Amino acid sequence: MRAEMELAFELNGRSCRIAAPPGERLSDVLRDRLGLTGTKVGCSAGDCGACTVLLDGQQVCACLVAAGQVQGRRVTTVEGLANGAELSRLQQTFLAHGAAQCGICTPGMLMAAADVLARHPAPTEAQVRDGLGGVLCRCTGYRKIVEAVLAAPHGAVEAPRPEAGRAVGARISKLDGVPKVTGRERFGADAAPPDAAWLRVIRSPHARARFSLGSFAPLKRRHPGLLDVLTASDVPENSFGIFPQVKDQPVLAAGRVRFMGEAVLALVGDYESVMAIAEAELPIEWQPEQPVLEMDRALSSGTPLHEFAPDNVLIRGRVVKGDVDAALAAAPHMAEGTFTTSFVEHAYIEPEAGYAERIGERIRIFACTQTPYMDREEIARVLKLREDQVHIVPSAIGGGFGGKLDISIQPLLAVAAWKLQRPVRCIYTRPESMLSTPKRHPARMHARLACDGEGRLLAADFFGDFNTGAYASWGNTVANRVPIHASGPYFVPNVRALTRAIYTNGPIAGAFRGFGVPQSTIVHEALLDDLAEQTGIDRLELRLRNAIRAGQATATGQVLQASAGLALCLTAVKPAWEQALSAVAGFNACQHALTGSRRGKRRGVGIACMWYGIGNTVIANPSTIRVGLRRDGRVFLYNGAVDIGQGSNTILPQICADALGLPVALFDQVMGDTDLTADAGKSSASRQTFVSGNAARFAGEALRRRLVELLRAPGDARLAVEDGQLVARTGAREWRTELSALAVDPNGDVAVGEGYFDPPTTPLDENGQGVPYATYGFAAQTAEVEVDLDLGTVKVLKIHAAHDVGRAVNPTQVEGQIHGGIAQGLGMALMEEYHAGRTDNLHDYLIPTVGDIPPIVVHIIEDPEPIGPYGAKGVGEPALIPTAPAILNAIRHATGVRITHVPATPDRVRKAILDQSR
Ligand code: FES
Ligand code: FES
């Protein structure tokens, strides 16, 4: 027990006295001793800025401030920003501008912004960017945060409150936004029963090893607060995995580990005890083995990671259409290249956290997740319970991007709480989160692309290997999705696209915004530029000539019926493209004159396009949404789709409200609770707006029919809730009933509507022919960059992004998704590269800061999807996909060198420039 001292300081304008060890982190004092969980913790190392508070009016990282340092000083946290129920102007502008997505960085951003505004009452953009530079945001791309701070001195922008029938298309503020800007949002680390024991995971320091365990009795004697040490033998069914046929990952390793960071033991007890145990005290006997880290070695080593995959190939993907060899042989122009990519970390700011508690013969888990219903199924399997014995309550989710589709803490907490019959909580450290959770697949891809003299594509031939690491995770999805997309959003008559997902002892690779398509898009977009050069056709024009249109067949033979807006996207960015080409030519001529041909700076413009199948690939993809009307006139959405920051908590009510015919302002909701909602599927594959949006629409329509019947009014009557009455009107006629007089069901609803949607797809045959998706998103992005030829550094100057989203249900949120995707694409292009054991923190693993993000011009294209809710498709993953190839193509335009391995770090760019000039 550390010695405590009496601290006296001013906290949010009031005097505060509390006893705490003087060396304890201020973030811990605020959160654990004072219950002010608005201050978030993303790293405990001064890297993320989530814990930013004001100390005597200046921003500091609370995780780096010792409690003793606040003695006699002034501390302001996010809880101190609002005046009672009245939000500060800054909080209001954050809401109105859509500056909070998942919200985990928002308290830190607000405090940093408060510091900026105190120093600069009417700040410039440069001052704002400078002031926010210490706080990382992985969702927003920072643009809307900067906008919000700049707007704050000028008063709040009033967000629209659309009347009935006008919610779709309105820029309403996030319906769940207020808790995010006040710090009241409860993320996984922000709530747990007071008597919860703590769980600490012991992980493998080896990428491949055997191990044996000794007795834990001496350890328990030395640490009386240690309640239990869980091993593989404590797990009733010790395997999990995304696909029913590949449950290849143990909850706790059983004598053998396959990647660095694999869970081996779980220590459960009081916090001080489990944290005090040194790893050297643990009775683990390691026998390290030579890890197989490279895909080539995995294929040839003869040492399978799993018995069921003797060649270490998890799965092969295949799409073949036409006669590729003949078309390539006859084509007048062909481009060819090999490209490789790195492991990329999700780097959501919220490390995995939550708790589990056993309630009789049921288990309840409160945790961050993108997929509560899959978690329920998986936990039931691991504990050998029925699914109705498992209750998943999603916490607010501090970013996911695919990384929280896999279970992490959930089975460990469930096993511990079930066995010990007391609540158990766990918060991953930042290094633990990065070491143990899935990454983007590194890929090695080779392709050929051919066209005729007019630039019309004739054939695409693609082969890609994807390093899926030690366990399958979403490797199957990546291997199957990539071949469908590998020829790009173009009409190509002959296509052969083959993939493999390969097991290695590397980090697990899984779902990350795009399921492999961001990697393969780099390839076709580079080769298109090569063909443009060969044919002498402008790069945008070449893409426009080949852009797939309604009525044409994709690589899988699917004839697009409608909503294929790539040509519209290209047309939208064309003026900016032409202007940028001319501007960089002028800049480069000046630089050449000043510095000669090999020195100084050069600018370039790149373009890249993408398409993306919305929803699961081929497999069933259903969503069910319910909505009820309450006696108090409020509408309650039983929303099983979790909002990971992408905005489904706002989008789905907007859609449902218009279908129902009542204002969206009447809506309340519960999100993702498996006892209260129906299964709306995963928040992944950019599917919630399209799939759950349709379910929400049908639910709204069903409730509307029910209410109209109840009033005995005609089907086309307009509904309203007025003075506690439900009202229907047509022309001068009116029907009314007192809501308080109506009977309610057990949930408190007087009437309920339910909607279900499963997108129409067909299985693919042995050549990958069929209808894998019901609809596709399209986009074209241009990037303007400046490359320092001497240093190899690349600065992105501007991006234009045109995205066909079918219908923008909420344009502010669509823009926010595009900004955030671009920021992640920029990171992938220029800086992000994960190495297990070396970059497991936000200091060595670089993600874009506010200073890295250029101006972004968003062009929203609405080519309506006939079966989408009010025409909508999806934008979450499409936002990221074209960014890296656009930047890489811009680097080539600026320097003449093709970077074939991402990220294009300064050393790689510099080396490529030097190699070229030799
Ligand atoms: S938690 Fe303090 S900087 Fe990350
Ligand atoms: S909104 Fe900034 S990290 Fe999610």
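Helix α3 covers residues 106-119, 14 residues in total. From first C-alpha to last it reaches 20 Å, close to the 20 Å expected at 1.5 Å a residue. The model is predicted. Twelve of the 14 residues of α3 are buried, so the helix is largely enclosed by the rest of the structure. The buried stretch starts with Thr106, Pro107, Gly108, Met109, Leu110 and Met111. Ala112, Ala113, Ala114, Asp115, Val116 and Leu117 are buried too.

Several of these α3 residues meet Leu132. With neighbours within four places in sequence left aside, Leu132 is in contact with Met109, Ala112 and Ala113, among others. Its other contacts are Ile145, Val146, Val149 and Val850. Leu132 also belongs to the largest nonpolar core, which has 174 residues. Phe94, Leu132 and Ile891 have the most contacts inside that core. In soluble globular proteins, nonpolar side chains tend to be buried together.

A second helix to follow is α15, residues 517-535. Its 19 residues should span 27 Å at 1.5 Å a residue, and its end C-alpha atoms are 27 Å apart, which agrees. This helix is mostly covered, with 17 of its 19 residues buried. Gly536 follows α15 and has a positive phi, near 75 degrees.

Within α15 sits Asp529. Is Asp529 buried or exposed? Its relative accessible area is 5%, under the 20% limit, so Asp529 counts as buried. Which residues does Asp529 contact, leaving aside its neighbours within four places in sequence? They are Arg539, Arg543, Asn889, Arg892 and Arg898.

Asp195 offers another aspartate to inspect. Its place is in the loop between α6 (177-182) and β6 (197-203). At 44% relative accessibility, Asp195 counts as partly exposed, because that value falls between the limits of 20% and 50%. Leaving aside neighbours within four places in sequence, Asp195 is in contact with Arg422 and Pro423. Asp195 and Arg422 are 227 residues apart in sequence. In space, their C-alpha atoms are 7.8 Å apart.

Now turn to the empty space. Rolling a probe the size of a water molecule over the atoms shows where such space is left. The count comes to ten cavities of 30 Å³ or more. The largest cavity has a volume of about 530 Å³. It is lined by 40 residues. Closest to its centre are Gln646, Ser686, Gln817, Val875 and Gly876. Three helices each supply at least two residues of this lining: α18 (648-660), α19 (688-711) and α20 (811-830). By class, the lining of the largest cavity has 16 nonpolar, 19 polar and five charged residues.

The second largest cavity holds about 260 Å³ of space. Its lining has 24 residues. Which of them are the closest to the centre of the second largest cavity? They are Phe240, Gln249, Ile407, Ser408 and Ser436. Helix α12 (residues 409-420) gives the largest share of this lining, three residues. The lining of the second largest cavity divides into twelve nonpolar, seven polar and five charged residues.

Notes:
Residues are numbered from 1 along each chain as its sequence is written. Chains are lettered from A and ligands numbered from 1 in the order in which they are written. This is a predicted model: local features need pLDDT of at least 70, side-chain atom pairs count only at pLDDT 80 or more; totals for chains, interfaces and linings use all residues. Side-chain values use heavy atoms; hydrogens and water are left out. On a 1 Å grid over the protein atoms alone, a cavity is a set of points where a 1.4 Å probe fits but cannot get out, and a pocket is an open set with protein on both sides within 12 Å along at least five of seven lines; lining residues have an atom within 4 Å of a point. Grid points are joined across faces, edges and corners, and a volume is the space filled by probe spheres set on the points. Helices (H or I, at least four residues) and strands (E, at least two) are DSSP runs, numbered from the N terminus. Ala, Val, Leu, Ile, Met, Phe, Trp, Tyr, Cys and Pro count as nonpolar, Asp, Glu, Lys and Arg as charged, and the others, Gly among them, as polar. A nonpolar core is a set of buried Ala, Val, Leu, Ile, Met, Phe, Trp, Tyr and Cys residues joined through side-chain atoms within 4.5 Å. Buried means under 20% relative accessible area, exposed over 50%, partly exposed in between (1.4 Å probe, protein chains only). Contact means heavy atoms within 4.5 Å. The expected span of a helix is 1.5 Å times one less than its number of residues.
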